[in-house]
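Work through these exercises with the model open beside you. Try each task before reading its solution.

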Amino acid sequence: MELERRAEAFATGAHERKGQVRKYTGEPYIEHPRAVVALVRSVPHDEAMLAAAWLHDTVEDTSATIADIEREFGHDVATLVGELTDVSLPSDGNRKARKTIDRHHLAVASPRAKTIKLADLIDNSRSIVERDPDFAKIYLEEKRALLAVLSEGDPTLLNQAREIAFGPTTTMVTRARRAAVEFYYKASGVTGVMLDWIDGGDATDVDEDLVSLSDLLLRFAQSENVRKSGRP
Ligand SMILES: [Mn+2]
């Protein structure tokens, strides 16, 4: 059997034997790894990443060990699953302290593992935002901290995760700023000026609900006029 199908079968069996179901919906737990696999498949990936996506919660949630994964699926898959397995212990303190330890573990993980973690974060966040809006506030705050260490993951999934964790408006502003910088570079051949303007914080007072690319460019042009002529 090919690697991915074996990983699917192993994960399905391990979560089933544990009687594990998805929180909120009660559906078989394997539906979560299945959704994570689909997200990883939607971006550049390799077979080991798909296998690790199926297996990513087995060591954390079932009796399977990293040694089992290594024996069944080899070193590469086992390394990825290890990178995706929380290392904190209940004795490490409260939820916040444990989350900090696990975040540091992910910060040093490989870009491939970070891509799978982004997919995991997207699927979990979607179900929590839908089913448990009260808990979502704390949860998304944790996810925002986590995203800071996942920027080497796949850019498409990073963007999707950011949209969930920060809200679409902020992402739109970020995108508009990036697009504006590129547009300005291409149009003028002058580099650095607009980036300095944005980095200098002059763009941050833009009302996030109103900002658009044309609005941003207009504001930049106005600030340039002020800078060059010394008057508005
Ligand atoms: Mn998971």
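**Exercise 1.** In this predicted model, find the angle at which helix H9 (residues 133–147) and H10 pack, and say which residues meet.

*Solution.*
- Start with the axes: H9 and H10 pack at an angle of about 145°, and their axes are 9 Å apart.
- Next, the hand: the crossing of H9 and H10 is left-handed.
- Now list the contact residues. H9 brings Leu140, Lys143, Arg144 and Leu147. H10 brings Ala161, Arg162, Ala165 and Phe166.
- Sort the residues of this contact by type: five are nonpolar, three are charged and none is polar.

**Exercise 2.** State what kinds of elements make up the protein, and what share of the residues is buried.

*Solution.*
- Count the elements: the protein has 13 helices and zero strands.
- Then take burial: 29% of the 232 residues count as buried.
- Finally, look at contacts with a separation of 6 or more. Residues 24 or more positions apart account for 62% of them.

**Exercise 3.** Locate the buried residues of helix H2 (residues 31–41) and explain where they sit around its axis.

*Solution.*
- Pick out the buried residues: His32, Pro33, Val36, Val37, Leu39 and Val40.
- Check their directions. They cover an arc of only 160° around the axis, so they lie on the same side of H2.
- See what covers them: the cover includes helix H1 (3–17), helix H3 (47–55), helix H8 (111–131) and helix H10 (155–166).

**Exercise 4.** Decide whether H3 is largely enclosed or not, and name what covers its buried residues.

*Solution.*
- Count first: eight of the nine residues of H3 are buried, so H3 is largely enclosed by the rest of the structure.
- Name the buried ones: Ala48, Met49, Leu50, Ala51, Ala52, Ala53, Trp54 and Leu55.
- Find the cover: it includes H1, H2, helix H4 (58–61), H5, H6 and H8.
- Zoom in on alanine 53. Setting aside residues up to four places away in sequence, Ala53 touches Pro33, Val36, Val37, Val40, Ile116 and Ala119.

**Exercise 5.** Describe the largest nonpolar core and find the helix that gives the most to it.

*Solution.*
- Recall a general tendency: in soluble globular proteins, nonpolar side chains tend to be buried together.
- Here the largest nonpolar core has 41 residues. Ala52, Ala53, Leu55, Val77 and Ile116 have the most contacts inside it.
- Trace the suppliers: H1, H2, H3, helix H5 (66–73), helix H6 (75–83), H8 and H10 each supply at least two residues of this core.
- Pick the top one: H3 gives the most to this core, with eight residues.

Definitions and conventions:
Residues are numbered from 1 along each chain as its sequence is written. This is a predicted model: local features need pLDDT of at least 70, side-chain atom pairs count only at pLDDT 80 or more; totals for chains, interfaces and linings use all residues. A residue is buried if 20 or more other C-beta atoms lie within 10 Å of its own, exposed if 12 or fewer, and partly exposed in between; C-beta atoms are placed from the backbone. Helices (H or I, at least four residues) and strands (E, at least two) are DSSP runs, numbered from the N terminus. The arc is that of the directions from the helix axis to the C-beta atoms. Two residues are in contact if their C-beta atoms, placed from the backbone, lie within 7 Å. A nonpolar core is a set of buried Ala, Val, Leu, Ile, Met, Phe, Trp, Tyr and Cys residues joined through C-beta atoms within 7 Å. Axes are lines fitted to C-alpha atoms, for helices over the stretch in contact, and angles run from 0 to 180 degrees between N-to-C directions. A crossing is left-handed if the near helix is turned anticlockwise from the far one by less than a right angle, and right-handed if clockwise. Ala, Val, Leu, Ile, Met, Phe, Trp, Tyr, Cys and Pro count as nonpolar, Asp, Glu, Lys and Arg as charged, and the others, Gly among them, as polar.
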